[in-house]
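Subject: Structure handover

Hello,

Please find the structure below. My notes on it follow.

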Amino acid sequence: MKHHDPIKIGARRSLPEETRDSPPEENGTSVTTRPDGAPEAPRAQHRTKYLALLGALVALVVAVSAGIYVTATAGDHTRGGSLADDRPHRGSAAPVSTGTWVGSWASAPVGGEPGTETAGLAGHSVRNVVHADAGGTSARITLSNLYGQTPLDITHTTLALSAGDATAAADADTMRRLTFGGATRVVIPAGEQVVSDAVHLLIPHNTDVLVTTYSPTPSGPVTYHPHAQQTSYVATGDRTEDSTGAPYTQQTPYWRYLTALDVLSNEADGTVVVFGDSITDGITSTVDANRRWPDVLGDRLRSALANGQRLPRYSVVNEGISGNQVLADGLGRPAENQSGLGRFGRDALSRTDVKVVVIDLGINDILRDPRLDGPDRILTGLRTLVREAHARGLKVVGATLMPFKGHRGWTPAREAVRQQINAEIRAGGVYDAVADFDKALRDPYDPRRLRPDYDSGDHLHPSDLGFATMAKVFDLRTLKGGGQAEL
């Protein structure tokens, strides 16, 4: 395939010769005739001119409207990328359809992958396996080079439905080559992200989707999410359109580059973003089983709607990061594991058609603050997140902090801070509504501990049963309505 020089997004292209304006006739006028061949009277000529002008104006309005629609759907959130005019694959452009764009899957970028600082993954195909919450008739993805130090050159990207569980094989009939502003190649500057064009593909809910990228040139470090709890794959060479899965001999526990899958859906009218730490990330859930508590919450909401309950039709996406704190950033520039305050706009407020944010954050601030100067700073940070969400008209449901006695970081002083934060949350002084996970998962014989069957074994993170219980006790009715103006 021939590659042309990249062009900037939004650059104008020359029209084909046949679409350019035709030269005027001699004298700048035309003569109309009656059916008998005689010239029309002057009034008839003026009337004919008027009708011709009106028709031209109508055609112009239609053309401009179509151009606006194509621009809006093709690159509405693309930022910072450069494109190349490669021949798009058949079926890569989504036809006009109905529905609402919602988030079907998402993952927060965490940092730069160790060992990829110089070469990145040049010459390799990266096949990410993600689980679609909401189904749809078209799809688009977001690729991130947030932690890259050089431009990321992606020359080939595909999307397909998985051929089965825990496999790199794709359903060949669903393989689609993705484009970015009409081009198959995109260059993502360091620190930026890009959104693909929409592609027509019927994606059922609760389905594994394969998103594969290929980069021929060194670019690092690779932006990744390390605790995916999902097996993805890597192959040598450009194997993006391979459906057998045979070349994908390397397995990985990471998601790379990919941070969002949106779908044009008729079954969801908005997105719920679950924003949290390792408990939301689900790092102790069974790998390849989609048993993180936001996964179970999405299934439960969809089941309730199918049974006729009057609830919002929302998808659920997971924006948890293991080790995340409300207040403190990780190391590096840009900061790895950016604080909740720092990443809230990117990972929550900017998600596609977000309606509600669920926040389960704060336990790492207690565990990792050597000063442990009480609950006030943590509560102020949480209230700041709520104000930012309210400024966007969003509702915020917040979770109480679960017990962790038995974990190596537990102390009576830290327990006292947790109890103070939970008391303020329960009193309605932080969130619009409350999910009381502490009450649901604590041991009735020692409320400072997780109940044994809800404990993964480290006395901090839930088991699969614990995650399922979190989703079960979440009151789906709290998803109704908008955010308050202020608390």
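The notes cover helix packing, two sheets, an aromatic pair and some backbone details.

First, the ground rules. This is a predicted model, in which local features need pLDDT of at least 70, side-chain atom pairs count only at pLDDT 80 or more, and totals for chains, interfaces and linings use all residues. Residues are numbered from 1 along each chain as its sequence is written, and side-chain values use heavy atoms, leaving out hydrogens and water. Helices (H or I, at least four residues) and strands (E, at least two) are DSSP runs, numbered from the N terminus.

Helix packing

Two packed helices are described by the angle between their axes and the distance between the axes. Axes here are lines fitted to C-alpha atoms, for helices over the stretch in contact, and angles run from 0 to 180 degrees between N-to-C directions.

Start with helix H4 (residues 340–349) and helix H6 (residues 376–391). Their axes come within 10 Å and cross at roughly 30°. H4 and H6 are therefore roughly parallel (under 35 degrees; over 145 is roughly antiparallel, 65 to 115 roughly perpendicular, the rest oblique). The crossing of H4 and H6 is right-handed (the near helix is turned clockwise from the far one by less than a right angle; anticlockwise would be left-handed). On the H4 side, the contact (heavy atoms within 4.5 Å) is made by Gly340, Leu341, Phe344 and Leu349. H6 supplies Gly381, Thr384, Leu385, Glu388 and Ala389. These residues divide into 5 nonpolar, 3 polar and 1 charged. Ala, Val, Leu, Ile, Met, Phe, Trp, Tyr, Cys and Pro count as nonpolar, Asp, Glu, Lys and Arg as charged, and the others, Gly among them, as polar.

Next, helix H3 and helix H9 (residues 464–473). Their axes come within 8 Å and cross at roughly 45°. That makes H3 oblique to H9. The H3–H9 crossing is right-handed. H3 brings Trp293, Val296, Leu297 and Arg300 to the contact, and H9 brings Phe467, Ala468, Met470, Ala471 and Lys472. The split for H3 with H9 is 7 nonpolar, no polar and 2 charged.

Sheets

Strands pair here if DSSP finds at least two bridges between them. One open sheet has 6 strands, in the order E9-E8-E13-E5-E15-E16, with antiparallel pairing. Its edge strands are E9 (176–177) and E16 (250–252), each pairing on one side only. E15 (residues 232–236) and E16 pair over 3 bridges. Ser232 has Thr252 in E16 as its bridge partner.

Another open sheet has 3 strands, ordered E4-E14-E17, also with antiparallel pairing. E4 (111–112) and E17 stand at the edges with a single partner strand each, so one side of each has no neighbour in the sheet. E14 and E17 are joined by 2 bridges. His225 stands opposite Trp255 in E17.

Aromatic pairs

Rings of Phe, Tyr and Trp (its six-membered ring) pair if their centres lie within 6.5 Å; planes under 30 degrees apart are stacked, over 60 edge-to-face and the rest tilted. The count comes to 5 aromatic pairs. The rings of Tyr224 and Tyr254 have centres 4.9 Å apart and planes at 80°, so the pair is edge-to-face. Tyr224 lies in E14 (residues 223–225) and Tyr254 in the loop between E16 and E17 (255–256), 30 residues apart.

Backbone details

Most residues other than glycine have a negative phi, and most peptide bonds are trans. A cis peptide bond joins Gly220 and Pro221, with omega about -10°. Another cis bond joins Arg333 and Pro334, with omega about -5°. Asp288 has a positive phi, near 65°. Asp288 sits in the loop between H2 (278–281) and H3 (293–306).

Best wishes
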